[in-house]
Amino acid sequence: MGVYSCYARRYAPLVTMPITAPASPADSAGGPPGTTGPAVGPAHALADVTASDSALRRFLHGLPGVDAVGLEARAASLGTRSIKTTAKAYAIDLAISMIDLTTLEGADTPGKVRALGAKAVHPDPTDRTTPQVAAVCVYPDMVATAKEAVAGSGVKVASVATAFPAGRAPLGVKLADVREAVAAGADEIDMVIDRGAFLSGRYLKVYDEIVAVKEACGTDARLKVIFETGELATYDNIRRASWIGMLAGADFIKTSTGKVAVNATPANTLLMLEAVRDFRAATGVQVGVKPAGGIRTSKDAIKFLVLVNETAGEDWLDNHWFRFGASSLLNDLLMQRQKLATGRYSGPDYVTVD
Amino acid sequence: MTMDKQSSLFEYAPAPESRSVVDIAASYGLFIDGEFAEAADGKVFKTVSPSTEEVLSEVAQAGEADVDRAVKAARKAFEKWSALPGSERAKYLFRIARIIQERSRELAVLETLDNGKPIKETRDADLPLVAAHFFYYAGWADKLDYAGYGPNPRPLGVAGQVIPWNFPLLMLAWKIAPALATGNTVVLKPAETTPLSALFFADICRQAGLPKGVVNILPGYGDTGAALVAHPDVDKVAFTGSTAVGKEIARALAGTRKKLTLELGGKGANIVFDDAPIDQAVEGIVTGIFFNQGQVCCAGSRLLVQESIQEELLESLKRRLSTLRLGDPLDKNTDIGAINSAEQLARITALAEQGEAEGAERWSPACELPSSGYWFAPTLFTNVTQAHTIARDEIFGPVLSVLTFRTPEEAVAKANNTQYGLSAGIWTEKGSRILAVADRLRAGVVWANTFNKFDPTSPFGGYKESGFGREGGRHGLEAYLDV
């Protein structure tokens, strides 16, 4: 058990409220949106820290601080790893297999989504040994189209929901958003947290909302929780948000929407990898990580994989536990892959536009 | 996923830096009065690569006659060099700094070959700091009037400088840059296991058109150094190395007019409080003791951890140590390189064995050592007390002694309970505690929430048996001025 199990241990005597038993899915499945009653999180060693707003706050503020200079220096230092030849080939294929190929534009059409789906299944039409990507990521109204486009391939369909990207809608609307996406066949839901609630210190509200969304996902859809780290601004906040997400039952914690100025960075992703590592040590529960936005080159992607390898460890080197939220990254990976195979650079006309 | 899983999923392929960027000659002479020359008695010694024991080159070994010739050359050059306007001396130093930057890849590879430290460190730490040091003191050369030592402060004359093998080129820069900026001329003796980068620096002096005799380089062993510091026409002695040799030098210089600065050993305390940023503290502990295989005078070789978080911290630290990559120093992914010499390896080995014999608990991550060369696995000792030899003696290797404390009071007392006083580190998120503790630590450098960070603008030096005098910053000028 790691650092955090100790925090939980030390913390336990402060929590006086009884541990609430998790509700069975049947209890809440039929309830109308927004009226699911008090949220009940998953059962694990730290369940009692979410017993009340003040308990949660004390727990989150009791997490070790993050020294920004040291964190960024560590991320930069891991960025100097030199990944060559066989290691590079492995990393490129792994990175391709981890992509959530994403289109999240007002201008998305069924045609665009179908093109994206085709590319997800066969990223490089000239080389069928190229792995397929992990998922396509679309808005909820495009889930059915995306599902059709990747049918039978094993590529998942992820849908952003909960009034993405701002998340400024009533809970009922957010949950309806989620349910629609799940009903349309989404395998994964990418929700945004209520940053307003987080920044005003209402951590339990953030937590409850994630629990409610998790419930709306049902048993089949995996939940990715987006923190919008660029808006949380400090590393201490990112660590706290990571723990709220994990405590609430997130399957993945995700940096960003890709819609703000600062998205995934090596430092914030490193921090979140430390969080999932520590959470597993404390609870036995493994949670995935998804950096999203701003990762455009193979070189960048490989740096993130090095972070995974040397922070969370190789248990996370699998697309079940690590994803890249990206769109243009795929073509750069494909060009690098062709370079490794042929010994020369091809160029943008030798990969497909989507 | 469609890929096959390998046993170790993400195995980094070898990524060696090319050796071809550096051309090491079969033999090198002494650098005296602007020319390379053989030793008067024709003596030579071999320098080997510590990671492979391969002989890199044969180097002339300076004797007393050579020392005398070099000091005379420096004395002769001093007259004109010290008379140059500071702005002119600055031009040479700026030129040297730029050439170092231009040749930094070559010098980094050379240093890694001769010293055994990873290319990651020579490339990202040593060489950038070397260039920065010359740039920094180049800037002072025409501003000495404003250094706080009165108008027109005068140089001392000929400086005899003896440097160690742990940062060969960086220690050269620490010695030569301030000496030249203030108008002194120098005779420098590099360590016998790492003479090559100093000889390449001699070539850089020629490339920069530095007047003859201003810089003289005399490779050799301890007797060469002893002859140099004892030479009657040397005005200033600067030494970095072991406390034992430092004491000898101080005795030799007692009663002479020579000005002396000593930068000696250390047993730095790295103090981790229970409110520390744990993940970054772990990084800092690693940097503190495993940077340059722990062969650092200011290494954080004593970890003082608050007892209440000892278990968790050690667990995190051990996990982190398991990710360190030990091996070929030229590989860009190597974190831990070779120990500099068989002699040093024997010393580290003996002290570690003594630690075990005295009852401390030894731990190393699973780590395969190369079959040739001088290697020592990163090592951690727990159950160490102030009474253990490994808590008191400088090991100068990748060996960390872990001690605990209960209160800030106790942390300060234990940190100061050493014959040394070179460095210390404080890890806490509480700013007021940093200030309060730093104030009471008897150490020349105190790092807060970081460790082993160097900058030419910052003075560096010791308390107690770690030496006296400061190098770096404005304070570093004083050692070379008649003030």
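Begin with chain A and chain B together: the area buried between them is about 3200 Å², and carbon and sulfur atoms account for 51% of that area. The model is predicted.

**Stop 1: the interface**

Select the residues in contact across the two chains. Chain A contributes 40 residues, and chain B contributes 38 residues. Between chain A and chain B there are four salt bridges. For one of them, pick Arg239(A) and Asp279(B), whose side chains form a salt bridge at 2.6 Å, N to O. Across the interface of chain A and chain B, 10 residue pairs are in polar contact, both residues being at pLDDT 80 or more.

Now colour the side of chain A that touches chain B by element. Five helices of chain A each give two or more residues to this side: H1 (3-11), H4 (68-78), H5 (85-97), H13 (266-283) and H14 (298-312). Which of the elements gives the largest share? H5(A) does, with eight residues. Recolour by residue class, and the side of chain A that touches chain B divides into 17 nonpolar, 10 polar and 13 charged residues.

**Stop 2: the sheet of chain A**

Hide chain B and show the strands of chain A. Eight strands form an open sheet with parallel pairing, in the order S7-S6-S5-S4-S3-S2-S1-S8. Which strands stand at the edges? They are S7 (288-290) and S8 (324-326) of chain A; each has a single partner strand, so one side of each is left without a neighbour in the sheet. Look along the sheet for its twist: neighbouring strands are turned by 25 degrees against each other on average, direction ignored.

Within this sheet, select residues 156-161 and 188-192 of chain A, which are strands S3 and S4. S3(A) and S4(A) pair in the parallel sense over four bridges. Label Ser159(A), which stands opposite Ile189(A) in S4(A).

Next add residues 329-342 of chain A, helix H15, which packs on the sheet. H15(A) touches strand S1 (99-102) and S8 of chain A, and its direction makes about 125 degrees with that of S1(A).

**Stop 3: the loop after S3(A)**

Follow chain A into the loop between S3 and H8, where Thr162(A) lies. The phi of Thr162(A) is near 65 degrees, a positive value in a residue other than glycine. Pro165(A) is found in the loop between S3 and H8 of chain A as well. Display the backbone from Phe164(A) to Pro165(A): the peptide bond there is cis, with omega near 0 degrees.

**Stop 4: a salt bridge within chain A**

Counted over all chains, the structure holds 51 salt bridges. To see one of them, select Lys147(A) and Asp187(A), whose side chains meet at 3.1 Å, N to O. Where in the chain do Asp187(A) and Lys147(A) sit? Asp187(A) is in the loop between helix H8 (171-183) and S4 of chain A, while Lys147(A) is in helix H7 (residues 143-149) of chain A. The pair links distant parts of the chain, 40 residues apart.

**Stop 5: a sheet in chain B**

Bring chain B back and show S1, S5 and S4. These three strands form an open sheet in the order S1-S5-S4, with mixed pairing. Strands S1 (27-28) and S4 (44-49) of chain B are at the edges with a single partner strand each, so one side of each is left without a neighbour in the sheet. S1(B) pairs with strand S5 (residues 54-60) of chain B in the parallel sense over two bridges. Label Ser27(B) and Glu58(B): Ser27(B) stands opposite Glu58(B) in S5(B).

Finish with two helices that pack on this sheet. Helix H3 (residues 104-115) of chain B touches S4 and S5 of chain B, and its direction makes about 100 degrees with that of S4(B). Helix H6 (residues 196-207) of chain B touches S1, S4 and S5 of chain B, and its direction makes about 55 degrees with that of S5(B).

Key. Residues are numbered from 1 along each chain as its sequence is written. Chains are lettered from A and ligands numbered from 1 in the order in which they are written. This is a predicted model: local features need pLDDT of at least 70, side-chain atom pairs count only at pLDDT 80 or more; totals for chains, interfaces and linings use all residues. Side-chain values use heavy atoms; hydrogens and water are left out. Contact means heavy atoms within 4.5 Å. Buried area is the accessible area (1.4 Å probe) that two parts lose on being put together, summed over both. A polar contact is a pair of N or O atoms within 3.5 Å; within protein, one must be able to donate a hydrogen and the other to accept it, and residues adjacent in sequence count only if both atoms are side-chain atoms. Ala, Val, Leu, Ile, Met, Phe, Trp, Tyr, Cys and Pro count as nonpolar, Asp, Glu, Lys and Arg as charged, and the others, Gly among them, as polar. Two strands pair if DSSP finds at least two bridges between them. Axes are lines fitted to C-alpha atoms, for helices over the stretch in contact, and angles run from 0 to 180 degrees between N-to-C directions.
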